Amino acid sequence: MKIYKDIFTGDEMFSDTYKMKLVDEVMYEVYGKLVTRKHGDVQLEGFNPSAEEASEGTEEAVESGVDVVLNHRLVETFAFGDKKSYTAYLKEYMKKLVQRLEEKDPDQVNVFKNNTNKVMKDILGRFKDLQFFTGDSMDIDGMVALLEYRDIDGASVPVLMFFKHGLEEEKF
């Protein structure tokens, strides 16, 4: 299994356990699912409380959301109220990524610059449909993942988008 972490914050963003696709060599699209699960849902082997004991005074808290967001503790950010503020963030973030690529992987600089502009032009056209997520450190100087719901085979599917060059892979 591979875990993908933000190169600037070290935050875990997603893993390769989800269906994913690399778009134009620069953007990972990770396909999630909407889930509802119990907090602290722990099953102890060999322990089977009677129905009476099980229902005594316990209200179970549940959490709902996109599995990728919940499993990797991504945090929704509302830092971008409009396209202009997100574009300003994006310019700074891309500048940091290009600087890092020039040091570590100069062959990828042109691929990143050319393809990112094309991909982001398309995505920014759908700005109003996007949600934004940071890693669990909530550091806005790191990567801000994008989420949009797409109609795939008649179902609304949450699709998270991450910049490939802003991630490092860690094998487990």
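**View 1. Thr 77, a buried residue in strand E7.** In this predicted model, Thr 77 comes out at 14% relative accessibility, so it counts as buried, the cut-off being under 20%. Thr 77 belongs to strand E7, which covers residues 75-77. Its side chain gets to the backbone nitrogen of Ala 79 at 3.3 Å. Leaving out residues up to four places away in sequence, Thr 77 touches Phe 132, Phe 133, Thr 134, Ile 140 and Val 144.

**View 2. The largest nonpolar core.** This core is made up of 43 residues, and Phe 14, Met 27, Tyr 86, Met 120, Phe 162 and Phe 163 have the most contacts inside it. Helix H3 chips in the largest share, 8 residues. Among the other elements that each supply at least two residues are strand E2 (12-15), helix H4 (109-124) and strand E10 (155-163).

**View 3. Zooming in on Phe 14.** Setting aside neighbours within four places in sequence, Phe 14 is in contact with Lys 2, Ile 3, Tyr 4, Met 20, Tyr 28, Val 30, Val 68, His 72, Phe 162 and Leu 167. Phe 162 also appears with Phe 14 in the list of core residues with the most contacts inside the core.

**View 4. The second largest pocket.** Here the volume is about 190 Å³. Ile 7, Arg 100, Leu 101, Lys 104, Asp 105, Gln 108, Lys 164, His 165, Leu 167 and Glu 168 line this pocket. Two elements, helix H3 (83-104) and strand E11 (167-171), give two or more residues to the lining, and H3 gives the most, with 3. Sorted by class, the lining has 5 charged, 3 nonpolar and 2 polar residues.

Methods: Residues are numbered from 1 along each chain as its sequence is written. This is a predicted model: local features need pLDDT of at least 70, side-chain atom pairs count only at pLDDT 80 or more; totals for chains, interfaces and linings use all residues. Side-chain values use heavy atoms; hydrogens and water are left out. Helices (H or I, at least four residues) and strands (E, at least two) are DSSP runs, numbered from the N terminus. Buried means under 20% relative accessible area, exposed over 50%, partly exposed in between (1.4 Å probe, protein chains only). A polar contact is a pair of N or O atoms within 3.5 Å; within protein, one must be able to donate a hydrogen and the other to accept it, and residues adjacent in sequence count only if both atoms are side-chain atoms. Contact means heavy atoms within 4.5 Å. On a 1 Å grid over the protein atoms alone, a cavity is a set of points where a 1.4 Å probe fits but cannot get out, and a pocket is an open set with protein on both sides within 12 Å along at least five of seven lines; lining residues have an atom within 4 Å of a point. Grid points are joined across faces, edges and corners, and a volume is the space filled by probe spheres set on the points. Ala, Val, Leu, Ile, Met, Phe, Trp, Tyr, Cys and Pro count as nonpolar, Asp, Glu, Lys and Arg as charged, and the others, Gly among them, as polar. A nonpolar core is a set of buried Ala, Val, Leu, Ile, Met, Phe, Trp, Tyr and Cys residues joined through side-chain atoms within 4.5 Å.
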